[in-house]
Amino acid sequence: MHFPLSWRVIALMASVKFIYILDFMMLMPLGPDLSRALGFPTEHVGWLSAAYTMASMVAGIVSVRMLDRFDRKQAFLVCFAVLLVATGITSLASDMTQLLWLRALTGLAGAPAVAVGMAIVVDTFAPEQRGVAIGKVMLGFSLAAVVGIPLVLELSRIGGWQTPFVFVAGLGALVWTAALLWLPATTAGGGSAVPVSPLTLLRQSAVRKACLIQAGSQFSAFLVVPHFSAFFLLNLQLPREYLGSLYLAGGIAAMAMMQVLGRITDRSGAQVSVAIATACTLAGLMPFFGVASLPLVIPFVLFMAGNAGRNVSIAAMTSQVPYPHERAGYIALEGTVQDFSVTMAALVATAVLGSSTSGALTNTTTLALMAATLVLATLIALVRWQPALQRGN
């Protein structure tokens, strides 16, 4: 059966997104298994995520200069192959040091692989089709959270901590093979004589504005996203057995909202879809302000759906910023900005939050107020700057 190129690209890149996000996200829930098997303190699990994110940021900066010089398909296959090999070899780690180096190597390969993959998506679809296309690709993110994490936890329980890494690498090898067979070679930007670097990109006003919008979106979200479960359990006394169902509902809502707002973005523009997403995100912060009369699932679902829809709409809009010869480099730079914003949000949240004698989080209202302010500021910036961002198509 022959599938159109557009559907092949969407299916492949959604699968790549699933592999990439699952490979990163599974570290934290697997932390107790890893620390017990390799003999390091559980509180050091955060170092693994930090090694991955730091390496990803370095790779994003370095690869900006190189990615658009090569055929998109070949660059993607090489970077994705390194990611999969590093993930598979992680199962052979025997101590914390080896684990750190291997996770850093995975992060180094992952950032450029995803950047080139998204550049292929942007090359394939016209601007008025990108909202829907990116929304479908981003399904891989939600599926990683809703399906992938429970699956790797069960695999670790049954077969040991190594099994999830082998599984992800094996599944990724199937995706790599499909990409080898299905993706056409493309020079839609590869081989350009025009030099691309972080400095040449950041000298452009439109690029700076797009990066600021992305930074505001990610920073505002990750001020609160990592702390939802602790806040619900410790502050609002949500029974632990309900937490999985809560995240399942949030993941399903996020997947649905991404499709809806992707279509609205294509038909009516990013301003409308981001305004809708912003309203949902702000409503989802209500429990942090003491408004908890509704069942907690309602604000949580609103936040998860709004944040996911906002990501898709902003990604579709900012995809119009780079010119064809600089798309992969721009997306790598954008990924670096996002990683940096997430890291800074974690540091700020750690500085703001405290804990009471009962174990409940303190200063959560302050943190939520900061997040809400930045959510609104991001919307205002998008409305003001959108005309300047529609240039590269």
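Q: In this predicted model, is Arg 103 buried or exposed?
A: Arg 103 forms a salt bridge with Asp 23. Asp 23 is buried. The state of Arg 103 matches that of Asp 23: buried.

Q: How far apart are the closest N and O atoms of Arg 103 and Asp 23?
A: A salt bridge requires a Lys or Arg side-chain nitrogen within 4 Å of an Asp or Glu carboxyl oxygen. Arg 103 and Asp 23 form such a pair, and their closest N and O atoms are separated by 2.9 Å.

Q: How many residues apart in sequence are the parts that Arg 103 and Asp 23 tie together?
A: Asp 23 belongs to helix 1 (residues 5-25), while Arg 103 belongs to helix 5 (residues 96-124). The pair therefore ties together parts whose separation in sequence, in residues, is 80.

Q: Which helix holds both Arg 36 and Asp 33?
A: These residues form a salt bridge, with closest N and O atoms 2.8 Å apart. They are three residues apart, about one turn of the helix. Both lie in residues 31-38, which is helix 2.

Q: Is Arg 36 buried or exposed?
A: Its relative accessibility is 61%. The cut-off for exposed is over 50%, so Arg 36 counts as exposed.

Q: Which residue forms a salt bridge with Glu 154?
A: Glu 154 lies in helix 7 (residues 139-159), and its partner is three residues away, about one helical turn. Glu 154 counts as partly exposed at 34% relative accessibility, whereas the partner counts as exposed at 60%. The closest N and O atoms are 2.3 Å apart, and the partner is Arg 157.

Key. Residues numbered from 1 in each chain as written. Predicted model: local features only at pLDDT ≥ 70, side-chain atom pairs only at ≥ 80, totals over all residues. Heavy atoms only, no water. Helix = DSSP H or I, 4+ residues; strand = E, 2+ residues; numbered from the N terminus. Buried < 20%, exposed > 50% of the residue type's maximum accessible area, 1.4 Å probe, protein only.
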